[in-house]
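Here are a few exercises to work through with the model open on your screen. Try each task before you read its solution.

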Amino acid sequence: MAFNNVFSRSIGNIPFSQGRQFVRAFAVSCARRCSSENTEPRSIVGIEEETPLPAQVFDDASAVTTFHGISSKPFDKATAQILMSKLDESDVEIKPDGIMYLPEIKYRRVLNQAFGPGGWALMPRGEAAHYQSAGDNCQLVTREYAMFVYGRFVAQTVGEHQFYHKGQMFFGKACEAVKSNAIMRCSKDLGIASELWDPKYIVYWKAKNAVLVQAENARTREKKYLWKKKEGGKLFEYPWKEVSELPKRR
C-alpha cells in the first residue's frame, strides 16, 4: 500500500487548524484498510497508534446540527440522585408576574456536583438575535444553545433576556443573562428543580413564601398587583415601585 503517496495527495489543501484532526482520522482509516487486507498497519511519525479517534469532532458545520450521543444511555444512580434531589424552599425566588425560579448559580452548582467542572457545557447553535421596541426602550436578546455532558447531547433550548435601556452598553450583560436562562431551561430536562413546574408545589410555595403587593409604574402611573417574596424579597425593577401590600382576606 503506497501510504506516503496517498497521504501527501490527500492532505494537500487541508487548512492548518484542521490538519491534526485530519491526520488522526486518516491514520485510523488507513489502519482499518490495512486490517481488511490482512496486512500490518504502518505507523505515522508523531502519531501514537493507541490514541483513539475522538468520539465527536466539532467543526463550524456540525456545531449547530449535531445530536451526538442523544439518549445513548442513562446516567448512573448517584448522578441521577444529585440531579433530582429535593429542592430547598429557601433557594426559590419569585418574579413580579408570579413565575417562580431558581437563581442560575444554583443550577451551575448542581451540574458541577453531578458531572464535575468541565464535564458539561453549553454550545451556541447560532448568533444572538437582538430586538428593540422604539416605544418604551424595551430590548430582547435571544440565542439558541445545546447542552452537552461528557461529549453527549442532552438538551437544547432558546435562552432569552428582556431589559430596558437606551443604546447598546448593556448588550454584553444581556447575552450573559441569555446563557444563564438557557442553562435553566436545559437543566429542566435533567430533572433539576423539577418542582418549579409542578402545579401543586407552586400553589404550596406561594401560599407559604410569597405575597401580592400593589405597585405603580413610575412613567405611566399605572397600578397593578405584583408578587414578591415575604422574606428577603427583591425590590421591583424600574419602572415599577411598591405602593402597598394587598389587604389580607378575612
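A salt bridge here is a side-chain nitrogen of Lys or Arg within 4 Å of a carboxyl oxygen of Asp or Glu. Keep in mind that this is a predicted model.

**Exercise 1.** Find the residues that are linked with Glu104 in a network of salt bridges.

*Solution.* Start with the pair Glu104 and Arg108, whose side chains meet at 2.5 Å, N to O. Both sit in helix 4, four residues apart, or about one turn of the helix. Now add Glu176: Glu104, Arg108 and Glu176 are linked in a network of salt bridges. As for exposure, Glu104 counts as partly exposed at 28% relative accessibility.

**Exercise 2.** Work out which parts of the chain the salt bridge between Lys229 and Glu93 ties together.

*Solution.* First check the contact: the two side chains meet at 3.7 Å, N to O. Next, place the partners: Lys229 is in strand 8 and Glu93 in strand 1, so the pair ties together parts 136 residues apart in sequence. Then look at burial, where the cut-off is under 20% relative accessible area. Lys229 has 12%, so Lys229 counts as buried. Glu93, at 16%, counts as buried too.

**Exercise 3.** Describe the largest pocket and its lining.

*Solution.* Begin with the space, about 1600 Å³. Of the 40 lining residues, Lys95, Pro96, His161, Gln162 and Glu237 are the closest to the pocket's centre. Elements that give two or more residues to the lining include strand 1, helix 4 and strand 8. Finally, sort the lining by type: 22 nonpolar, six polar and 12 charged residues.

How values were computed
Residues are numbered from 1 along each chain as its sequence is written. This is a predicted model: local features need pLDDT of at least 70, side-chain atom pairs count only at pLDDT 80 or more; totals for chains, interfaces and linings use all residues. Side-chain values use heavy atoms; hydrogens and water are left out. On a 1 Å grid over the protein atoms alone, a cavity is a set of points where a 1.4 Å probe fits but cannot get out, and a pocket is an open set with protein on both sides within 12 Å along at least five of seven lines; lining residues have an atom within 4 Å of a point. Grid points are joined across faces, edges and corners, and a volume is the space filled by probe spheres set on the points. Ala, Val, Leu, Ile, Met, Phe, Trp, Tyr, Cys and Pro count as nonpolar, Asp, Glu, Lys and Arg as charged, and the others, Gly among them, as polar. Buried means under 20% relative accessible area, exposed over 50%, partly exposed in between (1.4 Å probe, protein chains only).
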